[in-house]
Amino acid sequence: MQGELLAALTGIIGLVTGVVVGVLAGSFFRAGAVERPTPVPQRNDGTTLPPGIAEVLSALPSSAVVLDSADRVLRASSAARAFGIVRGEELVIDELLALARQVRRDGVIRETEIEVAVRKFGPDATSFAVRVAPLGGTGLVLVLAEDQTEHRRVEAVRRDFVANISHELKTPVGALSLLAETVQDASDDPEAVRRFTDRMQTEASRLTALIQDLITLSRIQGAEPMAEPTRVELGGVVEEALDALRMPADAKGIELVGSGGEDVTVLGDEGLLGTALRNLIANAVSYSPKNTRVAVSVALTRNTIDISVTDQGIGIPQQDLERIFERFYRVDAARSRATGGTGLGLAIVKHIMTHHRGEVTVWSKEGSGSTFTLRLPRPEDRGQDAARNNDRQEAAQ
């Protein structure tokens, strides 16, 4: 009997102790005094994205695709779908799919370059630098594709520029070297010396013009639009540009005419605007036949001030119109060199217009002549833009 009573008391004490411990533990958990045990992470079977991966992918500028263990697309950025790399739940580029399977098998990161034909972005293929990597041991594979089209275009332009400038500099320098040797051999013939020295002066002038154009292009290329332009009277700019080309125009019997620039002002750099206009007039004179006319006119539209240079020259073929503003691009290389052009004039004009928040346009027809137009924003529009920028800066502060 005494043993049974002792056992009952022991059971009651154990029950009370258990209840008290449970209550205390609950209060500790609620107060944060005791940390709850962390759940054991479940193993990813290769069909779901690990936590945080979606957020990381959304911040990437590249085209990003995550494939599951069955090659289905779990996640694809909007860029990947826009470029046609992914359709629905499928990675449609066979080369990338094969690469992803290799990476899943051996876990080795791989890189390659591919070309993808994208109708939305034109007939040319888009170049991608691709990197494929496993996502831990989950069976998932990450495909990153970086658009390299613009980078390749810039590299091609750079290579063309280096090749072209090398050729353009080599031509007059080689001619000067050859003429100097010829003058030395003909030292006892005054007439020959005079003729060869005239040629040397011509080549030296061409070299000087080329270097000056390169300096001008380097100064304005890539420059930001002017923060504080000044008011420029277009009448004076037009008259000065016409006077500068009067002599070569008179030599060919070409009449130079200017109109519409009186009392018209724009905001910009007077020197650069004069350079752009002189380049256009010089081209018009060079590519116009004798006894024709070159007209410079200024017109006001609702939002712009247009300065047009119209000639009655040989015109430009339709297929060349999109490329004539490229550096060193010539429609007729032989004729351009015969007229002493450097091949940089129209490129300079284009950059000057960009510098002024404007543009240069061209209309041309073979055998009928060309019209180049410098289109500048009206001063009041520039003032409104500046006021809006100031308002934004004040609001940000």
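**Exercise 1.** In this predicted model, find out which residues Leu256 touches, leaving out those up to four places away in sequence.

*Solution.* Start at Leu256 and look around its side: you'll meet Leu242, Leu245, Arg246 and Ala249, and also Ile281, Val285 and Val294. Next, place Leu256 in its wider setting. The largest nonpolar core has 47 residues, and Leu256 is among those that touch the most other members, along with Leu277, Ile281, Val296, Ile307, Val309 and Leu374. Now ask who supplies this core: α9 (270-286) and β11 (293-300) are among the elements that each give at least two residues. The top giver is α9, with 8 residues. Finally, don't miss a second, separate core of 23 residues, which includes Phe83 and Phe128.

**Exercise 2.** Work out which strands pair with β1, and in what sense.

*Solution.* Take β7 (residues 141-147) to begin with: it pairs with β1 in the antiparallel sense over 5 bridges. One bridge to look for joins Ala64 to Leu144. Then try β2 (residues 73-76), which is also antiparallel to β1, over 3 bridges. Here Leu67 stands opposite Val73. β1 and β2 make a hairpin with 5 residues between them, and Asp71 in the turn has a positive phi of about 70 degrees.

**Exercise 3.** Is each face of β1 buried or exposed?

*Solution.* Check one side: Ser63, Val65 and Leu67 are buried. Flip over: Ala64 and Val66 are buried too. That covers 5 of 5 residues.

**Exercise 4.** Which element has the lowest mean pLDDT?

*Solution.* Helix α1 (residues 2-31), at 40, whereas β12 (residues 304-310) has the highest, 95. Over residues 1-44 the pLDDT is below 50. Where pLDDT is low, don't read the predicted coordinates in detail.

Definitions and conventions. Residues numbered from 1 in each chain as written. Predicted model: local features only at pLDDT ≥ 70, side-chain atom pairs only at ≥ 80, totals over all residues. Heavy atoms only, no water. pLDDT = per-residue confidence, 0-100. Helix = DSSP H or I, 4+ residues; strand = E, 2+ residues; numbered from the N terminus. Contact = heavy atoms within 4.5 Å. Core = buried A, V, L, I, M, F, W, Y, C linked by side-chain atoms within 4.5 Å. Buried < 20%, exposed > 50% of the residue type's maximum accessible area, 1.4 Å probe, protein only. Pairing = 2+ DSSP bridges.
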